[in-house]
There are 2 protein chains.
Amino acid sequence: MTTAKISVNVKEQAILAQKASKELGMLSTQDKNDALYWIAKAIDEQVEDILKANEQDLENGRQNDFDAAYMDRLSLTEERVKEFAEGLRQVAQLEDPSGEVVSEWTLDNGLNVQTVRVPLGVIGMIYEARPNVTADATGLALKSGNAIVLKGGSTAIHSNRAIVKVIKEALVSTKISPDAVQFIDSTDRSATQQLFTMKEHIDVLIPRGGGKLIQAVVNNATVPVLETGVGNCHIYLDKDADVDKAISIFINAKTDRPAVCNAAETLIVHEEFMERHQEQLISALKSSKIGVYGDDAAVKLIPGAMPANEEHWENEFLSLDVAVKIVKDADDAIAHIDRYGTKHSEAIVSENEDTAARFKGLVDAAAVYHNASTRFTDGSALGFGAEIGISTQKLHARGPMGLPALTTIKYVMSGNGQIR
Amino acid sequence: MTTAKISVNVKEQAILAQKASKELGMLSTQDKNDALYWIAKAIDEQVEDILKANEQDLENGRQNDFDAAYMDRLSLTEERVKEFAEGLRQVAQLEDPSGEVVSEWTLDNGLNVQTVRVPLGVIGMIYEARPNVTADATGLALKSGNAIVLKGGSTAIHSNRAIVKVIKEALVSTKISPDAVQFIDSTDRSATQQLFTMKEHIDVLIPRGGGKLIQAVVNNATVPVLETGVGNCHIYLDKDADVDKAISIFINAKTDRPAVCNAAETLIVHEEFMERHQEQLISALKSSKIGVYGDDAAVKLIPGAMPANEEHWENEFLSLDVAVKIVKDADDAIAHIDRYGTKHSEAIVSENEDTAARFKGLVDAAAVYHNASTRFTDGSALGFGAEIGISTQKLHARGPMGLPALTTIKYVMSGNGQIR
């Protein structure tokens, strides 16, 4: 396939999606839900085909010596595929944000003004290994009235293609046009890059995956981006912290699911807390098998701790390792978070309300916690149902994003001849 | 001044602004209002200095043969400067969006969750000739708790410098740090370009000015942008339109203030409306001195009409000229708007509710009108008070933007040891 050929396809597909999005945006909630249930049924019925396609990706992965974690993300089972279907049924049960009248007032001249929630239009989804994103993102897009252009990772292309085939064939029997779901069936990077600048036809790009992918999209796209993801989260144990809360919160945030974005990556400890509770903290680190990279003071105090370098402070470990910094006061902790944080989730453990208020006010992050684990920055934990991702940007949506993040508003003015 | 020198300054200034934004974000509404009143007083007292500086810009403009409209935008008078001060006092009276608890709930485990409105942080304002933006944008930024980095047009640099000097000197006597207002005192374009990528220190860029400036920012910035402005607005006169409403709405939208973004630029007429009301329409165009560029059908029917080309359909006239297109039905009108509209304000005049509903549903714009002039897409007309601009993008804010557009939300979690 020549580049020119791909070029034409990506644009054509985006235009098809855009056309389909217009009528999709006018459909009733019932029509959209019916379509989601229908897709779910089709997925349940065609598990075998999807698993067969997935086997091709897995075989390719084995030949290329992908590591175990990567293979796990890539791998589908009957149970996992049935979860896609179940996920679509859950999305069908979520409230439809589209059509909601957010505010309404009437001017003195009688002009009625409404702000109405409407779909964004066309979502461009750029993602990596996980094939579940294909089904999940499609469900969220369609429920909120949006068309979707899917560009998955090349290592999952057989799985993604099979899932999209099931979805599009199912849509034929619904009120949603199959054109509303477009799959960029290419492993060529230039296809992805074309999506970056297709401002006329794509309303938002959502990158899902590692930090590198997300930054490539943010730095090169002229289409607006919903930035999700990287969480270099800190837990600060203040001098006025309750030691049991402190240790339980840190151990939970670090070890409950170390590979997720709301897990703790750095532990910041007030020197007085360290002085008083050194033994208890060290014993907790040890019994949870946590590897420590520390600043000079931490290396001195914590047996087995290795010296931390910039890389350790800057990046997620996504493992049972942690970076430990000892500070003189809360402002030191805030300054460290300011420098290294990724504006995701940050926590203070303290019984001092003033210190906690200062921390919550000054720390610039999607979620700030006082005396609780950062693990609650999560759509399902907060009761949103399925989430599109966790936004670490400030514009449009911040923190866990539910369906409303896939909508915008429109001023709808109704008059009887008003002029100015 | 060497480029290297400027390079250091722009970054240093952005960092100063960011530092100042932290404490500014924690100030009370009263403290921020006091600062605005104090600046207003200083401006009132130093009108002479500002006018003297403005005279330098005007002299430069005369030497460079700027046209009358440009000179008008550049020109300050005692009255106009006093309006800056009055504008700041009005902003002081607006509701402070910052600190508002947007939603609050408690999880089953007792964790309290609040979403709280907080300032974005640092606003980067990139604008052209109008020196009033210097005072207006500063007032809106400070009131909402944001620091601001100002980069005005080189033709207004003396005026802008003088206004900023008054503002910063006034801030010394307030709780807001003068560092919260940074003026990039350079006519070098590279200074502007540096702002485009200063993602770590600037939270949003707002370009104000012509389409070229806005597109340069949108296409080159990695800092998120609030896109304001260009309005290629259409008025569609349906076959079921009331002729008096139709003509009055079009004439108002076209002629009330032809140079503004919510003015009509294209008139789309249903062929049956044209057939029935040709005479009345032509007479209205004539008596309002409107110049017509039309499609083939319009050129045939409207005396004196010139043939329209792509430029006419695509761009704002910002004058008493209009492009006229004759269509067979509402869907034709919608398709034309889809192709040439800038997603600002679009109107249908019709007594048929179904046609109007279809138009309002399918037309993708910040504001859609049924039987009213597009001139109401305006913060003050809608009762918002001062506006930051009119957003033609879909993410974050759409349509007239008030102070809340300069804020984001933060999840504030308060617990007593909750873990997952």
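**A two-chain predicted model**

Chain A has 420 residues, for which a compact globule would have a radius of gyration near 22 Å; the chain has 24 Å, which agrees. That radius is taken over C-alpha atoms, and the globule rule is 2.2 Å times the number of residues to the power 0.38. This is a predicted model, in which local features need pLDDT of at least 70, side-chain atom pairs count only at pLDDT 80 or more, and totals for chains, interfaces and linings use all residues. Residues are numbered from 1 along each chain as its sequence is written, chains are lettered from A and ligands numbered from 1 in the order in which they are written, and side-chain values use heavy atoms, with hydrogens and water left out.

Along the principal axes, the C-alpha atoms of chain A fill a box of roughly 70 × 70 × 35 Å. The average pLDDT (the predictor's confidence in each residue, from 0 to 100) is 94 for chain A, and 98% of the residues score at least 70. Over residues 1-7 of chain A the pLDDT is below 50, and this stretch has eight contacts in the model beyond near neighbours in sequence; contact means heavy atoms within 4.5 Å. Where pLDDT is low, the predicted coordinates should not be read in detail.

The second chain comes next. A turn of 180° and a shift of 0.0 Å along the axis lay chain B on chain A with an RMSD of 0.0 Å, superposed by least squares on the C-alpha atoms of residues with pLDDT of at least 70 in both. The two copies are therefore related as by a two-fold rotation axis. In chain B, the C-alpha of B:H396 is the nearest to the axis, at 1.7 Å. Both copies use the same surface, as 100% of the contact residues of chain B recur in chain A.
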